[in-house]
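The following exercises concern the fold of one protein and the packing of two of its helices. Please examine the sequence and the structure before reading each solution.

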Amino acid sequence: MIELAHKIIREQIRKYRAGYKSPEEIDNALYRSLIDFYNLLFMPKINSQELSRYIKEQVCNISSTNSFSLAPDFNKPIIIKSNYVGNVYEGEILEEREYLDRINSAILTPDLEFPIARILNGNIEFFPSDAGNYIFSYYRSPVKPKFNYTVPDGRNVVYTSVGSIDLDINPNSINNVIVGSLGYLGISLKEDSLLLEKQVSGN
């Protein structure tokens, strides 16, 4: 998809005489648009199936600590599950104050069947700490795309798949990201116009 996206964007840049844009500038615009689209997926009434590609799990084995560093691609928490003697129990991820209140509560004290966690200073901390392990589900951030290329004649950019990173999005949503990236490159274009351009060019 990254090759196709660059091709379409370059067609629009030429059409609107928007000046030279390097592959790196186009990559940055695509990534900014991808992040915009990603954030929209968390809005109410948005089809959450789009988000499924961004769900990851982190297994945290409880031994000497109940606090673990968040993965570098962590973006938003979803849920925790404790795995104790073969049984799996779902828990809650709480804000700092509620987490401390629950630990100190005589009524709602968390246990192995109702565990809790908090996120603090780049770590996730689980309670209780005597579960076998915890499974932490979260939404990862989109991967930044990269259009790798060569310039064999010293002038024309030629795409190479080696070292390239594809757009981290459902192919059906590529138009949304391309249109948004064009806006970051100074070109305002409606999606139906872009679709027409794709049909004319045979893409």
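Two residues are in contact when they have heavy atoms within 4.5 Å of each other. The model used throughout is predicted.

**Exercise 1.** Determine what share of the contacts between residues at least 6 apart in sequence join residues at least 24 apart, and describe the overall form of the protein.

*Solution.* Step 1: the protein contains five helices and nine strands. Step 2: the radius of gyration is 23 Å, well over the 17 Å that the globule rule gives for 203 residues, so the protein is more spread out than a compact globule. Step 3: along the principal axes, the C-alpha atoms fill a box of roughly 70 × 35 × 30 Å. Step 4: among contacts between residues at least 6 apart in sequence, 64% join residues at least 24 apart.

**Exercise 2.** Describe how helix α1 packs against helix α2.

*Solution.* Step 1: α1 (residues 2-15) and α2 (residues 23-40) pack at an angle of about 105°, and their axes lie 11 Å apart. Step 2: angles of 65 to 115 degrees count as roughly perpendicular, which means that α1 is roughly perpendicular to α2. Step 3: I2, A5, H6, I9, R10 and I13 of α1 meet P23, I26, D27 and L30 of α2. Step 4: the residues of this contact comprise seven nonpolar, one polar and two charged.

**Exercise 3.** Identify which residues of α2 are buried and what covers them.

*Solution.* Step 1: the buried residues of α2 are P23, I26, D27, A29, L30, S33, L34, F37 and Y38. Step 2: their cover includes α1, β3 (74-84), β7 (133-140), β8 (149-150) and α4 (174-184).

Key
Residues are numbered from 1 along each chain as its sequence is written. This is a predicted model: local features need pLDDT of at least 70, side-chain atom pairs count only at pLDDT 80 or more; totals for chains, interfaces and linings use all residues. Side-chain values use heavy atoms; hydrogens and water are left out. Axes are lines fitted to C-alpha atoms, for helices over the stretch in contact, and angles run from 0 to 180 degrees between N-to-C directions. Helices (H or I, at least four residues) and strands (E, at least two) are DSSP runs, numbered from the N terminus. Angles under 35 degrees count as roughly parallel, over 145 as roughly antiparallel, 65 to 115 as roughly perpendicular and the rest as oblique. Ala, Val, Leu, Ile, Met, Phe, Trp, Tyr, Cys and Pro count as nonpolar, Asp, Glu, Lys and Arg as charged, and the others, Gly among them, as polar. Buried means under 20% relative accessible area, exposed over 50%, partly exposed in between (1.4 Å probe, protein chains only). The radius of gyration is taken over C-alpha atoms; the globule rule is 2.2 Å times the number of residues to the power 0.38.
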